[in-house]
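The following exercises introduce a protein structure step by step. Each task is followed by a worked solution.

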Amino acid sequence: MELREFPEDIIEKARSLDSKAVSAVFEHYYPKIYRYCYYRCESREQAEDLASEVFVKVVKSIKHQSGNFEAWLYTIAKNTLTDYYRRKSVRKENSVDEEILEAMPDEKAVDNAPLIQEELKVAINKLTDEQQQVITLKFIEGYDTAKIAEIMKKSVGAIKALQFRALISLKGILKEGQIS
């Protein structure tokens with residue numbers, strides 16, 4: 001998957017609160033932030049709420065943003081998720097989406113793709129925060145290692161090691177069936 005950079009001139013216009021530019025930024029980045037939140041929270045509705053909250057914060061503070069826009073955006077998303085879990089006093093590792101329990105198919109079910117996606121989501125939620133972030137950015141958002149290092153403010157080597165540990169942990173969780 002090849003990711004193209006979002007035009008810097010549009011980001012500059014958005015920093016000036018140009019409504020068309022802000023709208024373009026929202027349209028481009030909202031799906032990414034939604035997916036980032038979805039794989040790290042309890043439900044689709046919660047992911048939508050959190051992604052919306054991220055963009056409210058973005059609009060309120062974009063005038064003062066400088067440096068790498070994507071790194072800043074994902075930092076806001078990460079902090080919004082952290083704040084959400086602090087407010088709820090819920091540990092992500094123990095959260096189970098009720099939709100998953102309701103959607104459990106019987107043995108005769110033919111299409112297990114949604115179930116597999118939900119199992120993966122629950123398994124990802126059992127990883128550490130940094131492991132969740134690297135897995136989401138790499139495999140859900142499709143960023144390369146250098147871009148992830150930039151977003152997470154770590155070295156490429158640290159990201160590779162973190163990704164390796166995350167995949168080993170994820171494999172163990174899925175293999176042992178610890179997803180419930």
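**Exercise 1. Place L17 and describe its backbone.**

Solution. L17 belongs to the loop that joins helix 1 (8-15) to helix 2 (19-38). The model is a predicted one. The next step is the backbone angle: phi of L17 is near 65 degrees, a positive value in a residue other than glycine. As background, most residues other than glycine have a negative phi. The last step is accessibility. The relative accessibility of L17 is 40%, so L17 counts as partly exposed, since that class lies between the limits of 20% and 50%.

**Exercise 2. State the overall make-up of the protein.**

Solution. Begin with the secondary structure: there are nine helices and zero strands. Along the sequence this gives the pattern α-α-α-α-α-α-α-α-α. Turn next to burial, where 42% of the 180 residues count as buried. The accessible surface amounts to about 10100 Å², and carbon and sulfur atoms contribute 53% of it. Finally, consider the contacts with a separation of 6 or more: residues 24 or more positions apart account for 65% of them.

**Exercise 3. Determine how T80 is placed and what surrounds it.**

Solution. First, locate the residue: T80 is part of helix 4 (residues 69-88). Second, classify it. T80 has 0% relative accessibility and therefore counts as buried, the cut-off being under 20%. Third, identify the surroundings. When neighbours within four places in sequence are set aside, T80 is in contact with L50, E53, V54 and K57. One of these residues, K57, also makes a polar contact with T80, side chain to side chain, at 3.1 Å.

**Exercise 4. Examine helix 8 and the residue that follows it.**

Solution. Consider the cover first. Helix 8 is mostly covered, with six of its eight residues buried. These buried residues are T145, K147, I148, A149, I151 and M152. Their cover includes helix 4, helix 7 (129-140) and helix 9.

Now move past the end of the helix. Helix 8 is followed by K153, whose phi is positive, near 60 degrees. K153 lies in the loop between helix 8 (145-152) and helix 9 (156-176). With 61% relative accessibility, K153 counts as exposed, because the limit for that class is over 50%.

**Exercise 5. Analyse the aromatic pair formed by Y30 and F55.**

Solution. A search of the whole structure finds 11 aromatic pairs. In the pair examined here, the ring centres of Y30 and F55 are 5.9 Å apart and the planes meet at 45 degrees, so the pair is tilted. The pair links distant parts of the chain, as Y30 is in helix 2 and F55 is in helix 3 (residues 44-61), 25 residues apart.

The accessibility of each partner can then be checked. Y30 counts as buried because its relative accessibility is 19%. F55 also counts as buried, at 7% relative accessibility.

**Exercise 6. Which residues form one aromatic cluster, and over which ring does the charged end of K121 sit?**

Solution. The cluster comes first: it is formed by F6, Y29, F69 and W72. The second part concerns a charge and a ring. The charged end of K121 sits over the ring of Y38, at 4.7 Å from the ring centre.

Note on methods: Residues numbered from 1 in each chain as written. Predicted model: local features only at pLDDT ≥ 70, side-chain atom pairs only at ≥ 80, totals over all residues. Heavy atoms only, no water. Helix = DSSP H or I, 4+ residues; strand = E, 2+ residues; numbered from the N terminus. Buried < 20%, exposed > 50% of the residue type's maximum accessible area, 1.4 Å probe, protein only. Polar contact = N/O pair within 3.5 Å; in protein donor to acceptor, adjacent residues only side chain to side chain. Contact = heavy atoms within 4.5 Å. Areas by Shrake-Rupley, 256 points an atom, 1.4 Å probe, with all protein chains shown as cover. Phe/Tyr/Trp six-rings, centres within 6.5 Å; stacked < 30°, edge-to-face > 60°. Lys NZ or Arg CZ within 6 Å of the ring centre and 35° of its normal.
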